[in-house]
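Reader: I'd like to learn how to read a model like this one, feature by feature. Could we go through it together?

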Amino acid sequence: MNIATTPTPAPATGAPESLFPRLEPLLARVGKPIQYVGGELNSVVKEWEAADVRWCLSYPDAYEVGQPNQGVAILYEILNERDWILAERTYTVWPDMAELMRGAGVPQFTLDAHRPVGAFDVLGFSFSTELGYTNMLETIDLAGMPLHAVDRREDDPIVLAGGHAAFNPEAIADFIDAAVLGDGEEISLAISEVVREWKAEGRPGGRDGVLLRLAESGGVYVPKFYDVDYLPDGRIRRVAPNRPSVPYSIRKHTLMDLDNWPYPKHPLVPLAETVHERYSVEIFRGCTRGCRFCQAGMITRPVRERSIETIGAMVQAGLESTGLEEVGLLSLSSADHSEIADVTKQLADRYEGTNVSLSLPSTRVDAFNIDLANELSRNGRRSGLTFAPEGGSERMRRVINKQVDEEDLIRTVATAYSNGWRNVKLYFMCGLPTETDEDVMAIADLARRVIETGREVSGRKDIRCTVSIGGFVPKPHTPFQWAAQLDSATTDARLQKLRDIIRADKRYGKSIGFRYHDGKPGIVEGLLSRGDRRVGAVIEQVWRSGGHFDGWSEHFSYERWMTAADGALAGTGVDVDWYTTRERDYDEVLPWDHLDAGLDRDWLWDDWQDAIDERPVDDCRWTPCYDCGVCPQMDTEIQVGPTGLTLLPLPTVRNPLAAD
Amino acid sequence: MQRLQIRYAKRGRARFTSHRDFVRAFERALRRANVPMAYSSGFNPHPRISYVNSSPTGAATEAEYLEIGLAEVCDPQKVLAKLSEAMPDGLVLREIREAEGGKVGDGLEASVWRVELPGADGRAMADAARLFLDCDRMETERMTKHGPRTFDARADVKGISAYVTDGVPMLDLVIAHSEPLVRPDDVLRALQELHPAFSVVDPPKLTRLVQGRLELNRVIAPW
């Protein structure tokens, strides 16, 4: 790995010049050059000097994956709506581009005005997954900034981490200046205010001055103001602030009243091809179904719905401003919206006869979802429906609190096949706590029953069922945060055995598709997600030996991670197994215990014990509160409908382009 | 169905759009501008658009052609104005006309390409061009999806003018469209093989200036 050639330092005063003239000669020599060009519809370029605070937002992956990210899109609009804030974007450049940039001394640039990333006040990374960590190092290095927070100079941007993976940012604590937990809308503006004041006052206290102001609020985590001590056996003794004014714990941010924040209003429309080409509206945030493996469901509580009226207005304006034809109604479990039937029916009515299509990432397994799916595919093809029972056996589903009864599931798929759907996809996890071979082999029985039922009700032989399996990775702030991760050899062996059983089935085997990944990437994800500060050296070593784009199987190397871990963890007394396949006790200090997602630690522990005892817990939207702790701790409440409102048909106007 | 033909340009940074990128951007612009498109029938209806001779990714152009089919009769100038507002920067709609019977690709027999060669030696470039024109054939090899392919790069080149403007060596190439299509980079490769003193230093900047009928080695735009 070549470390970047000396970058062009941003001038202390005056706007940095556009890097485009220096970039342009490189574009003819790289793959898909359009991804580096910017200038997308609805992108914003502001005068450098007119802004007091300048943000560079990054989703640490390739443009085609990062551009559609909803979090970055929301913050980009909210920040740019303020006349005193400027926000631009940067993504990870591919190795061919990185090599040319290093050779030509062109630093990491933004897409909006091709300004050097190193000239901004804040460099924010949105982490949906830990597999973006090495890409962050690549971006920081290409920007010409010191890799470690302690080495950064007063003028270097504040490196800020957000997104779900930032709920345990300890593995990247050496590289980031700060992290925020939870919804970014309000805290990004609050951080901007602090930075503006600090700059206006002449930057008192230098870099630490502004970081201290942020840390003292209790809403921004600044890792370097906290010391971590270890016990002789390698566990954490304690995590404590090393400055008197810094609080012991940092709280997450929760946006209430989503109707007041209808973003994104004008999302960027890329010229380059991206992974999602649709206008997405979050129809609610949070989920209280209580699936014990699900970090998103635990850290985004409580449920906050958008009203049908706001959803309708957002879809209308979003389609007009983008020219897109597909609408995604997003949430963690979209069919749980209190007015989902009205939302889908009324939107389908509104856009009847147009080419606008609606999609609902729906994961619940019940007959109601078939009605919704039928509504959404009124004019279209009924190809595939996806359900996620997650666990193969009833017992397993009680452990993970995914309350899906097998008879319900069979009734649901029967309805699907009899309504003309040809393929039912079932999503499962392997490696769940207390899992045995029998639990996984039960997936085969389930798939066989699905096909048998499907053939019966549809009277056809050509219906299919696709079984898709992911490896379970225990995540912080969930009841399974104490659980042992299953080692990759056992995961692979179980999946192999399942595949053999399905293949050997003469009656049904040919109708059952089987998709899975090997267990190795999950071990790296597990190391990073429950890692502590010692794991930072592993990430750095992987990046230094040429590793990044870890979310791409053609770039990911398990061997590189294991070699790096052997070297970087030598002498610490801990290793990859210690972080991944080891079960933790109640008393152990977890690396993220000082980061407050609102969940009561004892409630999480009790829920973990209930999991082992196969005891389910209900959803607090429909049953009394069971004291998970979030609402009182964060001063929030469930915000759900129904509102009873209806959408009016869109007015039809006479064709304004008609010939006179 | 009303058929409208459009000439469009890709300028500046937008020259890095691929043809697929252009297609997506154009279809979105049609929707933003509420152009009443005619759609193909079938399961997956597509708006009726025909493209011809799309220029390669990375090359600028002033002379690309397409045709759209409309479900309602519209005023072509109103369509052009409204659609132009909805196009991304650098993708410029230049002219519109109602189709007169023929297909949009009819009469697009040849192109004029301008090749800017910053950093190259202007004299060596001119010598190479003369040598090339003196040949009857000039075999060159290009990598295709199916492996290397050898073909003649000379016969379809109907004219070259070599000159230097503001210190930048330039070539204007008149190339007839045939199969396989000879591209400006094929000619550049052939020139360097013929005359090693000429070498392309920085990536050349290509612009298609005209497409049209070929008359006495000149290219006449269709309208």
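Author: Gladly; let's start with domains. This is a predicted model, and its chain B is divided into domain 1, covering 2-98, and domain 2, covering 110-220.

Reader: How many Å apart do the C-alpha centres of domain 1 and domain 2 of chain B lie?

Author: They lie 29 Å apart. A distance between centres is best read together with the contacts: 9 residues of domain 1 of chain B are in contact with 8 residues of domain 2 of chain B. On the domain 1 side, the touching residues are 5 nonpolar, 3 polar and 1 charged.

Reader: Into which domains is chain A divided?

Author: Here one assignment has two segments. Domain 1 of chain A spans 20-243, while domain 2 of chain A is made of 278-380 + 618-648. Their centres, over C-alpha atoms, are separated by 30 Å. Contact between them involves 4 residues of domain 1 of chain A and 7 residues of domain 2 of chain A. By class, the domain 1 side has 1 nonpolar, 3 polar and no charged residues.

Reader: Now the chain as a whole. Why does the radius of gyration of chain A agree with that of a compact globule?

Author: The idea is to compare the value with what the chain length predicts. Because a compact globule with 660 residues would have a radius of gyration near 26 Å, the 25 Å of chain A agrees. The C-alpha atoms of chain A fill a box of roughly 85 × 75 × 50 Å along the principal axes. Inside it are 21 helices and 18 strands, and buried residues make up 50% of the chain. Of the contacts in chain A with a separation of 6 or more, 78% join residues 24 or more positions apart.

Reader: What about the surface between the chains: how many residues of chain A are in contact with chain B?

Author: There are 24 of them, in contact with 28 residues of chain B. The chain A side has 14 nonpolar, 5 polar and 5 charged residues.

Reader: And how do I read a single helix, say α4 of chain B? Which of its residues are buried?

Author: List the buried residues, then see what covers them. In α4 (residues 184-194) they are B:Pro184, B:Asp186, B:Val187, B:Leu188, B:Ala190 and B:Leu191. Their cover includes β5 (110-116), α3 (122-134) and β10 (205-215) of chain B, among others.

Reader: Where in chain A does pLDDT stay under 50?

Author: Over residues 1-11, for which the model has 23 contacts beyond four places in sequence. Where pLDDT is low, the predicted coordinates should not be read in detail. For chain A overall, the mean pLDDT is 93, and 97% of the residues reach 70 or more.

Terms used
Residues numbered from 1 in each chain as written. Chains lettered and ligands numbered in written order. Predicted model: local features only at pLDDT ≥ 70, side-chain atom pairs only at ≥ 80, totals over all residues. pLDDT = per-residue confidence, 0-100. Contact = placed C-beta atoms within 7 Å. Nonpolar A, V, L, I, M, F, W, Y, C, P; charged D, E, K, R; others polar. Buried ≥ 20, exposed ≤ 12 C-beta atoms within 10 Å, placed from the backbone. Helix = DSSP H or I, 4+ residues; strand = E, 2+ residues; numbered from the N terminus. Domains from an automatic or database assignment. Rg over C-alpha atoms; globule rule 2.2 N^0.38 Å.
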